[in-house]
Amino acid sequence: MSKTNPGNYFEDFKIGQVLDHATPRTITEGDVSLYTALYGGRFALQSADSFAMECGLEAAPVDDLLVFHIVFGKTVPDVSLNAVANLGYADVQFKAPVFPGDTVKTSSTVIGLKENSNGKTGVVYVRSTGTNQMGAIVLDYVRWVMVRKKDEAAPAPEAVVPELPDRVDPSQISLPHGIDFSGYDSTLAGSPHFYEDYEVGEKIDHVDGMTIEEAEHMMATRLYQNTAKVHFNQHQMQNDRFGRRLIYGGHIISLARALSFNGLGNAQLIAAINGGSHTAPTFAGHTIYAWSEILEKSDLADNPTGGALRIRTIATKDTPCEGFPDKQDGEKRDPAVVLDIDYWAVLPKRTIAV
Amino acid sequence: MSKTNPGNYFEDFKIGQVLDHATPRTITEGDVSLYTALYGGRFALQSADSFAMECGLEAAPVDDLLVFHIVFGKTVPDVSLNAVANLGYADVQFKAPVFPGDTVKTSSTVIGLKENSNGKTGVVYVRSTGTNQMGAIVLDYVRWVMVRKKDEAAPAPEAVVPELPDRVDPSQISLPHGIDFSGYDSTLAGSPHFYEDYEVGEKIDHVDGMTIEEAEHMMATRLYQNTAKVHFNQHQMQNDRFGRRLIYGGHIISLARALSFNGLGNAQLIAAINGGSHTAPTFAGHTIYAWSEILEKSDLADNPTGGALRIRTIATKDTPCEGFPDKQDGEKRDPAVVLDIDYWAVLPKRTIAV
Amino acid sequence: MSKTNPGNYFEDFKIGQVLDHATPRTITEGDVSLYTALYGGRFALQSADSFAMECGLEAAPVDDLLVFHIVFGKTVPDVSLNAVANLGYADVQFKAPVFPGDTVKTSSTVIGLKENSNGKTGVVYVRSTGTNQMGAIVLDYVRWVMVRKKDEAAPAPEAVVPELPDRVDPSQISLPHGIDFSGYDSTLAGSPHFYEDYEVGEKIDHVDGMTIEEAEHMMATRLYQNTAKVHFNQHQMQNDRFGRRLIYGGHIISLARALSFNGLGNAQLIAAINGGSHTAPTFAGHTIYAWSEILEKSDLADNPTGGALRIRTIATKDTPCEGFPDKQDGEKRDPAVVLDIDYWAVLPKRTIAV
């Protein structure tokens, strides 16, 4: 019998099933440096221990998205090896900071199953949880993927579709323990714009663009131990419909987040991701641009020194964003758009900062 | 007089000569992260401190092959700067684990010399030893290279050809101090297949493929401080017979090892390398695939919780391995094969694990 | 009002103005590993804690040029976002070593202003200072850039042009506290050539060449959080006069320094940079070669165990340096030359070493 991992097919998933994923991962300063080299992020909280300590933390926390990619990567061999499409994610909550030296592992619970009418595929919903070496949850989210059936004759399970929130309620936002923006230094942070300075409906063109190379997205995706074959194997992909290696969607999220520093330089933490779509594939050679819209503002339940902005960020390929490319005629999406993501970020309040 | 390193020519080597190589190297978490980003390894022991501690170690050890490449790289300026060909290596024994923060240096002893009948080159055999900052040997191996003579009139030395073992005797395998697989968690490790589950003669197609970029193999080879010119200088290599930068053979070994996770996910340690051949050159753009055959099995002298598999791994370029490409007609090697390596790996025993 | 950084224009700068730059940066072992992977440096002092400790330091210091690039990168958003050209730098003094874990930030003072006669641009001189988390100065230097005016009608400021030294006086060289080459091991360092072995006027061809890939220079430049757009955005640069992404000049300095190991292997520290010119642009695909000339020698004021060599290093593209390409006919520079840098390096003295 073959010893290689066949992955799970649609009929292998059962409601309530728990999947404990391999490979636990100690996240280190080396990962943080590579993340900086791959995206060029400049958010001060993740860049400098001294800045993080002045904000009440013990050290600079690991970038939220680096944690997301590592927690996510572990689910691939069990959840999406036989996937036809990643359909979406929701209710992504960052619950505790990760510091260099922490070890993260992931487990998932099957919370929804719905066979498609063609009898060949079905949609699997999982809630995945990343925990650290102390057992604390660092990240919790739902994603759903369309997975192939191995045996089309296998009976369809009872359809269960979980109710998912349109957005994480800001009352659920959990900031890193001890964080306090009272002494926040906006000069060192690189932006004079505090929570109060953003208005709902405001649009920001992040101006800069970043071209992607094959070596970069592959190094990133391997760093996350994400083994989805489409990212790495040109010999196989040359016969695919695009003829190219597909770039991991999370690579685009991280690029868009790094570009967003120019306009959102004080958005120090991602507290939650409400949802996101990878609306078109990206390939090496594409230049990524981004713009953002402020969707909503909220005080924080347990921290008067900061506030949460709900931000929608759109990334494009080979298209500057001064015109805020989006849906055309209110209906069709501009074909240059590759990412549409909706998240909560935490910024210091001006009224509190010295 | 020129201050640049001319390297040693065949007539510069003497039997018994000791070469203390430059540059000592502290191996850090940064190197470990880069190694993950370059190859995407998922063996749990090297990935997570928590997993390593549950196996009795103080922390996640540095990947054996990263140690090999660094120890090897140091020998290049003294041993193979004027080499025509790397002919082989044997008796490669990993004798103590390396942890981040350890500093490794290498010295070599000339153990064999044999001038070729053309009078222009000769074969040099060296035993190279990597030691850590406490003076403990971490790696010991023999390699032989064909080296140019500077002066073809120089007299041939008495031929000395060392006897080298076909394979490291498994009784010599030295596991990291304290390692104990009694509490081994195969779910976290990502494979249900223990030592007992493999049979001599069994072949495993590792399925996945990985395409190589120029930036990747050059970053890897520089990380190892291996300065062999053929890997880095396109301006010079464009006039070479291939017209391309050659990829360091060790890069292919590491890729094949990372690919072998799919089928050998519990092969947590490389205890020894019995021999290996780089049977064809590889270049950027090639996609590497691999398959393995189990050659031999052995209990361990001093550890009842694990066993050693002797594994032969074949890597190919641009050729999937479901047909186990090897020698054709029992004689000629399939031209897609680029690596043929024979090593001992240590796996936990099922009968011991909880 | 736009929340993105417009940068400063010529008329925004005032003599005596202090610019505190974002983003503080903790430099880690991860950065050190990436630096090794990008350039392949082999200077023993930066490579091994054990070697550094035998030279009296607490650990291997971070490469001087990595510190330079990080300190420099922070000045870009405030000083050179609207620059037409980087004109030069002078009086670059490395004043204290940086060790992994230290956090560096940068501030600059405007020390010179001179509007150009075209009324469209002006030259801005800044003295930039990098300090660590204890407030100690680690690096101090002057650079001058030509910056666009936003409003050509803005009145010209009184011209102030600072007097800058042709070279840092060697009496000002400040070695890392405690450094002592008495027990220096030149075998481990990889070069038998001590301070005494170099003569003023001596020229050294560093022989080796290194080809640059897009992924490499972009990863390097992002690692330094240097956001100058010309390095990253192919979509924009394809319409530029070269049609290519420009490589950050500092990338070439680091490559030349790494290549210079072959001939200057004991030049363990860069104490100061006297000046430098990026004389032609470089692009991915170019192979960099280098040669050096010894300009001057000096004892050290406070350390009898080492001496300082003033070195001029020339880097070329796609041109080996055995002919020491330089100015042609004593006037015009060889078009292959891309870098001409003049610096002080510290080497151990033979008469002291064991």
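**Three copies, one axis: how do we know?**

Me: What makes up the exposed surface of chain A in this predicted model?
Reply: Chain A exposes about 12,400 Å². Carbon and sulfur atoms supply 48% of that area.

Me: And what is chain A built from, in terms of secondary structure?
Reply: It has nine helices and 14 strands.

Me: Why is chain A called as compact as a globular protein of its length?
Reply: Set the value against the rule. The globule rule gives 20 Å for 354 residues, and the radius of gyration of chain A is 20 Å, close to that, so chain A counts as compact in this sense. Along the principal axes, its C-alpha atoms fill a box of roughly 65 × 45 × 35 Å.

Me: How much of chain A is buried, and what does that word ask for?
Reply: A residue needs under 20% relative accessible area to be called buried. In chain A, 65% of the 354 residues pass that test.

Me: What share of the contacts in chain A joins residues at least 24 apart in sequence?
Reply: Take the contacts between residues at least 6 apart: 79% of them join residues at least 24 apart.

Me: Okay, one residue now. Why is A:Cys55 called buried?
Reply: Its relative accessibility is 2%, and the cut-off is under 20%, so A:Cys55 counts as buried. In chain B, B:Cys55 also has a relative accessible area of 2%, so B:Cys55 is buried by that cut-off.

Me: While we're on cysteines, how many disulfides are there over all chains?
Reply: Zero. A disulfide needs a pair of cysteine sulfur atoms within 2.5 Å, and by this rule the count over all chains comes to zero.

Me: What makes helix H7 of chain B "mostly covered"?
Reply: H7(B) runs over residues 214-223, and ten of its ten residues are buried. Among them are B:Glu214, B:His217, B:Met218, B:Arg222 and B:Leu223. After H7(B) comes B:Gln225, with a positive phi near 55 degrees.

Me: How do you know that chains B and C are related by a three-fold axis?
Reply: Look at the move that superposes chain C on chain B: a rotation of 120 degrees, with 0.0 Å of shift along the axis and an RMSD of 0.0 Å. That turn, with that shift, is why the relation is called a three-fold axis. In chain C, C:Gly30 has the C-alpha nearest the axis, 2.2 Å from it.

Me: What move lays chain A on chain C?
Reply: A turn of 120 degrees and a shift of 0.0 Å along the axis, giving an RMSD of 0.0 Å. Here the C-alpha of chain A nearest the axis belongs to A:Gly30, at 2.2 Å.

Me: How big is the interface between chain A and chain C, and which residues of chain A lose the most area there?
Reply: The two chains bury about 3,000 Å² between them, 58% of it on carbon and sulfur atoms. On the chain A side, A:Ala37, A:Arg42 and A:Leu188 lose the most, together 19% of what that side buries. The contact takes 46 residues from chain A and 34 residues from chain C.

Me: Why do you say the surfaces that meet there are different?
Reply: Only 11% of the interface residues of chain A are also interface residues in chain C, so the copies meet through different surfaces.

Me: What about chain C against chain B?
Reply: That contact takes 46 residues from chain C and 35 residues from chain B. It buries about 3,000 Å², 58% on carbon and sulfur atoms. In chain C, the residues losing the most area to chain B are C:Ala37, C:Arg42 and C:Leu188.

Terms used. Residues are numbered from 1 along each chain as its sequence is written. Chains are lettered from A and ligands numbered from 1 in the order in which they are written. This is a predicted model: local features need pLDDT of at least 70, side-chain atom pairs count only at pLDDT 80 or more; totals for chains, interfaces and linings use all residues. Side-chain values use heavy atoms; hydrogens and water are left out. Buried means under 20% relative accessible area, exposed over 50%, partly exposed in between (1.4 Å probe, protein chains only). Copies are superposed by least squares on the C-alpha atoms of residues with pLDDT of at least 70 in both. Helices (H or I, at least four residues) and strands (E, at least two) are DSSP runs, numbered from the N terminus. The radius of gyration is taken over C-alpha atoms; the globule rule is 2.2 Å times the number of residues to the power 0.38. Contact means heavy atoms within 4.5 Å. Accessible areas come from the Shrake-Rupley method with a 1.4 Å probe; for residues, only the protein chains shown count as cover. Buried area is the accessible area (1.4 Å probe) that two parts lose on being put together, summed over both.
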